[in-house]
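Me: I'd like a close look at a single part of this structure, please. Could you take me through it slowly?

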Amino acid sequence: MEVLKKKLELCLLILNRSNRGDVNWLNDLCAALLEFSTLVHSSLCTQNQSEASELVCLCLSQIMICIRQVENAMKLACGTSVSVSHQYFLERIQWCLKRLLHLYSEGSRADKVGPECSFLKLVDATLDTLALFTSHNEENTDPSNFPKSPQEVLSLSQNIRANIDLILGQSLGFANVALSQDKTALSALCQKVIRECNAFQNECQVPSVSYQANLKLRAMTIEQALFQLEDFINDALLRLVFTCFLDFEKFSVDKIRTLLRNSSDDDALADEFIADFDVNIDRATQIGIFAISFAPNLKMKTMMRSCLASFESLDTTLIPSLQAHGSDLHSAILEQHFNEEASKFKAALQEIIDSRALLGCCLEILSSGISAAEKLYDKQRLEDLAQMALLLVEHFQLEVNRKVLAETKNQVGEEYYHQFVRILRECKAILMCASQVEPQRILKRFKILRTILRKLHGCLGAGKHEDGLPNPLGPLLLDETYATKGVDEDLTQFSGFTTGLGGSILYDTERRSRVNRAKDNKITTNALDIKSFKTKPNGNVLRRESLRTVMFKRQNIAESRKLYTTISNQSADLQITDILDQLTGMSNGYFEC
């Protein structure tokens, strides 16, 4: 530990030389990082520190990204001055080094990264505990399985409640950015879990003649509610992925730059466009948090976390750089960095997502879009559908996903996929001349596309579901009166969970610090009223003043320019080996200006 600490202190000392005109500091920093990575690689291999390895890999990945950006900034500035971009990435490197230094400092063990509390692990842990109650059988009971005393029952019920607090917190964090059509069901399902857990806890506190049978029944109802919530979130996440990827193109940084150049300081359209961009970053973050729990190895988890950490850091820097005068070079560097991270985010997510589930969700979106277009023709909506369908093309361009097509019987999946690509091109082509074509002919192409997609979906893993589509929403959309009945009294007993919006992936940005200082740990009834969010015609959430707008409020353009001017005066083996390889290349004196 002491050796690692000294290496990190050396890295920080070298980093401080960057402001004193030493042109060799970057090479020296890469060499020192290489030595640190080699030592930490050996340490993680021998001590099997899984929790620490995740933070180490994340910090080293961020440092490598920032070093490459610093190199680009120094080349553009020809080493004559420290640009704003240069300083921004140096501060990120310094932050990561200090996080690592804290990790390896004496007395910091209590503050180290705790075990991962992902949604999946929390649900699995809760179901495992509930299984102690649901496995009870009065005719053939194994006394060793069922809790032996009321005190043990109460202890287990408290563990269940603690896990459900965290599950609901993550569910509501997702619900805050979910598509508008999913919010009602998410709200109802969260309330159902609360009611059932309250009923279970009440049963645990009052032993009766049929004590064990009643607990079994209550535990089974909690299981049912958790299964429904998990299934719905899985489906809602996939729907959100399609919208998120589409909005990366709709609300791109380049479009924001163009809009700001052609708008006045108080242009409401520019602020609205920026708000849509912010919403999409929030959505990408929530998608990424869930995707991490599905990631197959540490390397993929680190890649996803690194993208989210970059989004987190850019949250308070990218838009102000676009709004400020005289910062075109800085904003261009940040834009390039953002686009690179967004591309890596998409690629990692495509590798994690199950192919058949993605096809099923696309089929659902396509079917509902065609039905809506038959009632009211909307060219823009059809263009969005075609763009969403392109996500499948990107998905199967990855080798790991292409193998799924090759594994189908007689490789029929490959044939259907090529047909899908061909018809999708026809759909996009006919939309380009839509003014000269009857709407029915356009819709016919999309119906053919749907038919081929259904065949492609059916040939992948047939038999998992009868129709292969996500579960219908009907049974989950509870009667509104029933869904909200008794919520006030339920929530008075569930005041400990919070949504995931205020959490930090890596960086403690100024706005996030302000949020954490002001954050109230008690959730109110309004926090479950997901429907109270204002939505726009395109489905994006308009932040209300009482929630996310207060947390990460964007100043208007004039204020942002003033603020910016002021600021400017998976296995561990695999991940660390990749880092070593990259650092070896960076430590060979490659920087010249």
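Is the crossing of helix 8 and helix 13 left-handed or right-handed?

Reply: Happy to help! This is a predicted model, where local features need pLDDT of at least 70 and side-chain atom pairs count only at pLDDT 80 or more, while totals for chains, interfaces and linings use all residues. Residues are numbered from 1 along each chain as its sequence is written, and side-chain values use heavy atoms, leaving out hydrogens and water.

Now to your pair: helix 8 and helix 13 cross in a left-handed way. Left-handed says that the near helix is turned anticlockwise from the far one by less than a right angle; clockwise would be right-handed. Helices here are DSSP runs (H or I, at least four residues), numbered from the N terminus.

Helix 8 covers residues 211-250 and helix 13 covers residues 328-352; their axes come within 12 Å and cross at roughly 155°. Each axis is a line fitted to C-alpha atoms over the stretch in contact, and angles run from 0 to 180 degrees between N-to-C directions. The two helices are therefore roughly antiparallel to each other, a label for angles over 145 degrees.

Which residues meet? From helix 8 come Val-241, Phe-245, Phe-248 and Glu-249. Their partners in helix 13 are Phe-338, Ala-342, Phe-345, Lys-346, Leu-349 and Gln-350. Contact means heavy atoms within 4.5 Å. Sorted by class, this contact has seven nonpolar, one polar and two charged residues. Ala, Val, Leu, Ile, Met, Phe, Trp, Tyr, Cys and Pro count as nonpolar, Asp, Glu, Lys and Arg as charged, and the others, Gly among them, as polar.

For another pair, look at helix 10 (residues 268-294) and helix 11 (residues 298-314), which pack at about 160° with axes 10 Å apart. Their crossing is left-handed.

Key: Parallel < 35°, antiparallel > 145°, perpendicular 65-115°, else oblique.
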